[in-house]
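Student: Please take one part of this protein and look at it closely. Keep the sentences short, and explain each term as you go.

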Amino acid sequence: MVRSKRVRVFTDESLDFQRKILDSFGLGANTYLPESMLKISPNICMEGAREETQSVIIGAIDELLLKTKVKADEIKIVVTNCSIFNPIPSLSAIVVNHYRLKHNILSYNLSGMGCSAGLIAVDLAKQLLQVHPNSYALIVSTENMNSGLYLGNNKSMLVSNCIFRMGGAAILLSNFYSHSHPSKYLLSHTLRTNKASQDDCFNSIMQREDETNTTGISLSIDLIHYASREAIRSNISALGKSVLPSMEKLKLVATLVANKYLSIRVIKPYTPDFKLAFEHFCFHTGAKEVQDVLKSVLQLNDWHIEPSKMTLHRFGNTSSSSVWYVLAYLEAKGRIRKGDRIWQLSLGAGFKCNSAVWQALQTIDPDKETNPWIDEIHNFPI
């Protein structure tokens, strides 16, 4: 807020609005901003954006290679995603250049796909691994605050300044049969839902210019609530066919048949109990309201939603990488046991809702883990 005032762009009304957003969206005081934005005059430029992104993705990949003991030149597939910052050469090219990857590397860069792009990258990597045996696939998910900073006074575009924060994650997938023992998780399912054909959903999150031709990302809260519910319901309905126990499927079908064909009045449609399909839930940390929607729709309790809420409080909305911060919380808490099923669900512009389902191949010992939570996990939940 101090920096916002010193920029001398925002009106008093806009400053009050930003303060209300900061106080109500579930973010704590220890989230991260890039150095370029903390200067008295924010350094909003290509150089600042590039420094921010490279510090995140190179740092994440270095730690990943150290933990997995995989050499960079063994990687055959690279998928990067960042919605706003898309330089030339691309982020995937930056990775290839920095680590001197082989000339026949399969590299992809996803852009403009919002907070759900991380799981889209997982789905893409999965499909590539299905046709490239004995391969490693590196996924790098991040967002860029420097390129997304809005210096104007349109309230719908000021929201993104307040809730998004700096962060990123690197993930390594492999299809080597021999890796089933050292690997942490098995990818069981991926599912993508895209509601871009509906105008309300398509327009809910939009990069555009305001009345003064200042570019920013417009977030329509009412439309996001509508789009979230539409996309979530479509996604979980499709996912339920693959993951729910037979009895839950039978109850759901019986309710639908009774309502449609037998003229039996039912108070409300049956909501399957996804707690029978999953032990853990890693939901995107979009905002407290989105988390409350998921909690209500899926009939979860505070324990299930805790990892997502604590991640939003500690790290803010780190966009496509947020579901990995949530999973890291579960690992740091020592909650992951061999055989546990984990559901990652993310929401993003378009409007999209994507799911990834994992099965733990080992019990995660937090004393042997290195992740962003380890040194302070004893302070949570709050």
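Tutor: V253 is partly exposed, with a relative accessible area of 46%. Partly exposed lies between buried, under 20% relative accessible area, and exposed, over 50% (1.4 Å probe, protein chains only). The model is predicted: local features need pLDDT of at least 70, side-chain atom pairs count only at pLDDT 80 or more, and totals for chains, interfaces and linings use all residues. Residues are numbered from 1 along each chain as its sequence is written, and side-chain values use heavy atoms, with hydrogens and water left out.

Where does V253 sit? Its place is in helix α11, residues 246-260. Helices here are DSSP runs of H or I, at least four residues, and strands are runs of E, at least two, numbered from the N terminus.

V253 also helps to form a nonpolar surface patch of about 400 Å², together with V257, Y261 and L262. Patch residues have over 30% relative accessible area and no salt bridge; nonpolar side chains (Val, Leu, Ile, Met, Phe, Trp, Tyr) are joined within 5 Å, like charges within 9 Å. A salt bridge is a side-chain nitrogen of Lys or Arg within 4 Å of a carboxyl oxygen of Asp or Glu. Accessible areas come from the Shrake-Rupley method with a 1.4 Å probe; for residues, only the protein chains shown count as cover.

Now the wider span. An unreviewed UniProt entry annotates residues 4-260 as "domain: FAE". Such annotations may be inferred rather than shown by experiment; positions follow the numbering used here, and feature names are shortened. The end C-alpha atoms of residues 4-260 lie 55 Å apart. This span is 48% helix and 18% strand.

For contrast, take helix α13, residues 302-315. In α13, 10 of the 14 residues are buried, so the helix is largely enclosed by the rest of the structure. Among them are H304, I305 and F315.

Conventions: Expected span 1.5 Å × (residues − 1).
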